[in-house]
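Please go through the structure below with its packing, its pairing strands and its empty spaces in mind. The report takes these topics in turn.

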Amino acid sequence: MKKHLLLAASGLALCATAANAEMNFNRIASFATPNNMAEGEDHARPTSAEIIGASEDGMTLVYTDSPLGVIGLIDITDPKNPVAKGNVDMGGEPTSVTVIGNTAFVAVNTSESYVKPSGKLVSVNMADGTITGTCDLGGQPDSTAHDAAGSFVVIAIENERDEDAGDGRIGQMPAGWVSTVSVAADLAECATLKTIDVTGLAEIGADDPEPEFVDVNGLNETVVTMQENNEMVVIDANGDVISHFPAGAVDLVRIDTKDERAALDFTGEQMGRLREPDGVQWLDDDHFMIANEGDMDGGSRSVTVFKKDGTLVWESNSEFETPIIQSGHYPDKRSDAKGAEPEGMEVATFGDKTYAFVLAERASTISVYDVTDAANPVFKQLLPSGIAPEGVIAIPARNLFVTANEADLIEDGGVRSHVMVYEYQDAPAQYPTLTSAGADELIGWGAISGMVADEDGMIYAVNDSFYSYQPTIFKIDPSSKPAKIVDAIRVTRGNGDAAQKLDMEGITLDGKGGFWVASEGRTDRVTPHAIYNVSAKGEIKKEIGLPAELLTYETRFGFEGITKVGDTLWMPVQREWKDDAKHSVKLVAYNLETEEWGAVSYPLATPDTGWVGLSELVAHGDYFYVIERDNQIGADAKIKKIYRIPAAEMVPAPLGSELPVVSKEEVRDLIPDLKSFGGYVVDKVEGLAITTDGEMFVSTDNDGVDDSSGETFFWSIGKM
């Protein structure tokens, strides 16, 4: 069987460096945290990468792994090929890490309970993983930081509240505080441990401060967020509080506030929403930025810059979420809570520019701001991360920064926790590959499935049932990089309301200015297997249900694409139905003139793990093209391929008869393309469109950012 019949470049070629290109950050590698387990360990246990640091020479990373109770070490001498250096047991739950020289200072929670908190600061030699010292902290630690000279470490002692007690309100003793400890000869001098009292400062829960995040400026002043207290505190080098003030509130407009709608509707408002900041970083010695994740009562979905005297100098408002929405990363299921949830943060200078890297935990993105002018941050670019980014460290001397992504979905059969590496490059931004930026309105999108190309070069794509209250056909202009969503056509029934009970998985042109759409059914959810004729304005004009000869043998894995040849519609069934031979599926035909049904049989690959099925079908020239994929993700993914079938073999036999088995020829293995984006191999390659001149575009389904990193890849693999 011949392979790689397309003369096309890989996904990276789409982003080839242009002469004198503007500097951008691009992801270059990822590392799955289970790789740090020793041989013989149970790799099916959940792991996590949460807070991350780097050695002074930038060659070794260290991250906290709370589920395993360890810190993990990674060699990034070659940043494009991270190498495991193993885990070090911390004897408790590591909550944060900061690195001075080649020593990692790890805050470890050893609490017996919420009312009996305890913790320790552990120093670890990153060269060999040996523990060199331990200091008793006397309470439950959260974040850590150190001064530029490496002379002290500051620790936020949160003594966090029990969210299941006292209606989840603060006012649960013991109170938290801030600690500092001097460092000399790579060791913490435990005798110098100082407790800084921050009670009586906040307007909310003054007797129960819960310090969350700390950072130190060039004057050795520490800024502290007290998230539940919605308070900011600045402490000088002597440990004295020199200023404190409420983080305040934001009047949010143009936000989505309803997660139960299964639709993206950015017309909501939240007035007086408390910021409740989590991450904080100094931008210079006078300004700091906060990420307003929220916790007890708030979460303003924004980032804010204050002067250390409490003067508000800049607020992003809902604009923080705008690039996230336009890039398909908005987490609709968090709409009634705190939206994208900006949380962790890092600030560093690359060349002559200072950048802030703001992590959105629920959107799984990194928002990069140019903060060279601290009072006027400018959004630079949006980057993808693993699921639930928690920590970030910059290594400017090597033009790198790295994120730690805490979510590990092994128990649900999903992707593992990852550490991801990014490089500052003289190259175009590789991501996003698809955006609605520049459209006449704010268009939210996600869960892209089937696609079709029109004669004018435009591509139309459908979303699937994740947005069941907002079925939409998206018009895409693929001529730019990134490709642009220029219109959203809502699919409706005759009364103008959004059409429900659809799971649109395929789309093709009807030859009359409209479309045919294939909907994958699920009888247990009263969603019919059907095909629909939809007008150019999105109104359903005709519905065609499946005949009994098919439905008698149905399973929940139905049509996953549609294409039209002459008067015949062809639809691939994703997986075997009850009357199919093992590892084979039907390509179903329906003649629009005679209303006759038929099918051929397609042979699937045999998977090592999980299942293999079809995700798309497109007719072009003398061939039909399919996407065949397994349901595996990350390192387990083996089959993500395009095959072609000779059109001459697509002669349907009547349903119920012996179906002819078509042949297939591999066109392209898509796994190298998916790896070229620097992350892990995603599961759902679902869209294929072929232009009139033979250029092939491929897209992935991001599952609506639900248990997903939210990454959508839309790229060209060239002409046939």
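## Packing around Ile642

In this predicted model, Ile642 touches a long list of residues beyond its sequence neighbours (those up to four places away are not counted). Tyr625, Val626 and Ile627 are among them. So are Glu665, Glu666, Val667, Arg668 and Leu670. Leu688, Met696, Val698 and Ile717 complete the set.

Ile642 also belongs to the largest nonpolar core, which has 42 residues. Four members touch the most other members: Phe25, Phe357, Phe401 and Ile642. Another core lies apart from this one. It has 20 residues, including Leu546, Val573, Tyr590 and Leu592.

## Strand S12 and its partners

How many of the 8 residues of strand S12 are buried? The count is 6, so S12 (residues 177–184) is largely enclosed by the rest of the structure. Buried here means under 20% relative accessible area.

S12 pairs with strand S11 (residues 152–157) through 6 bridges, and the two run antiparallel. Within this pairing, Val153 has Val181 of S12 as its bridge partner. Strand S14 (residues 194–196) is joined to S12 by 3 bridges, again antiparallel. There, Thr180 stands opposite Lys194.

Strand S13 (residues 187–188) is antiparallel to S12 as well, with 2 bridges. Val183 faces Ala188 across that pairing. S12 and S13 make a hairpin, with 2 residues between the strands. Ala185 sits in the turn and has a positive phi of about 50 degrees.

## The largest pocket

Which residues lie nearest the centre of the largest pocket? They are Asp464, Ser465, Phe466, Lys684 and Asp703. The full lining has 48 residues. The pocket holds about 1,400 Å³ of space.

By class, 24 of the lining residues are charged. Another 13 are nonpolar, and 11 are polar.

## Two cavities

Rolling a probe the size of a water molecule over the atoms shows where empty space is left. The structure has 2 cavities of 30 Å³ or more. The largest cavity contains about 40 Å³ of space. Its lining is made up of Asn26, Arg27, Leu383, Pro384, Gln430, Tyr431, Phe677 and Phe713. Strand S1 (23–32) and strand S28 (378–384) each give at least two residues to this lining. By class, the lining has 5 nonpolar, 2 polar and 1 charged.

The second largest cavity contains about 30 Å³ of space. Its lining includes Asn463, Asp464, Ser465, Tyr467 and Ser468. Pro471, Ala499, Leu502 and Met504 line it too. This lining divides into 5 nonpolar, 3 polar and 1 charged. Asp464 and Ser465 thus turn up twice: they line this cavity, and they are among the residues nearest the centre of the largest pocket.

## Cis peptide bonds

Most residues other than glycine have a negative phi, and most peptide bonds are trans. Where does the backbone depart from this pattern?

The peptide bond from Met173 to Pro174 is cis, with omega near 5 degrees. Pro174 is in the loop between S11 and S12. Those two strands are joined by 6 bridges. Lys481 and Pro482 are also joined by a cis peptide bond, with omega about 0 degrees. Pro482 belongs to the loop between strand S35 (472–477) and strand S36 (483–490).

## Positive phi outside glycine

Glu276 is not a glycine, yet its phi is positive, near 45 degrees. This residue lies in the loop between strand S20 (268–274) and strand S21 (280–282). Is Glu276 buried or exposed? Its relative accessible area is 0%, so Glu276 is buried.

His583 also has a positive phi, of about 60 degrees, and is not a glycine. Its place is in the loop between strand S42 (568–572) and strand S43 (584–591). Relative accessibility of His583 is 23%, so the residue counts as partly exposed. The cut-off for buried is under 20%.

Definitions and conventions:
Residues numbered from 1 in each chain as written. Predicted model: local features only at pLDDT ≥ 70, side-chain atom pairs only at ≥ 80, totals over all residues. Heavy atoms only, no water. Core = buried A, V, L, I, M, F, W, Y, C linked by side-chain atoms within 4.5 Å. Buried < 20%, exposed > 50% of the residue type's maximum accessible area, 1.4 Å probe, protein only. Contact = heavy atoms within 4.5 Å. Helix = DSSP H or I, 4+ residues; strand = E, 2+ residues; numbered from the N terminus. Pairing = 2+ DSSP bridges. 1 Å grid on protein atoms, 1.4 Å probe; cavity = no way out; pocket = protein on both sides within 12 Å on 5 of 7 lines; lining within 4 Å. Points joined across faces, edges and corners; volume = space filled by probe spheres on them. Nonpolar A, V, L, I, M, F, W, Y, C, P; charged D, E, K, R; others polar.
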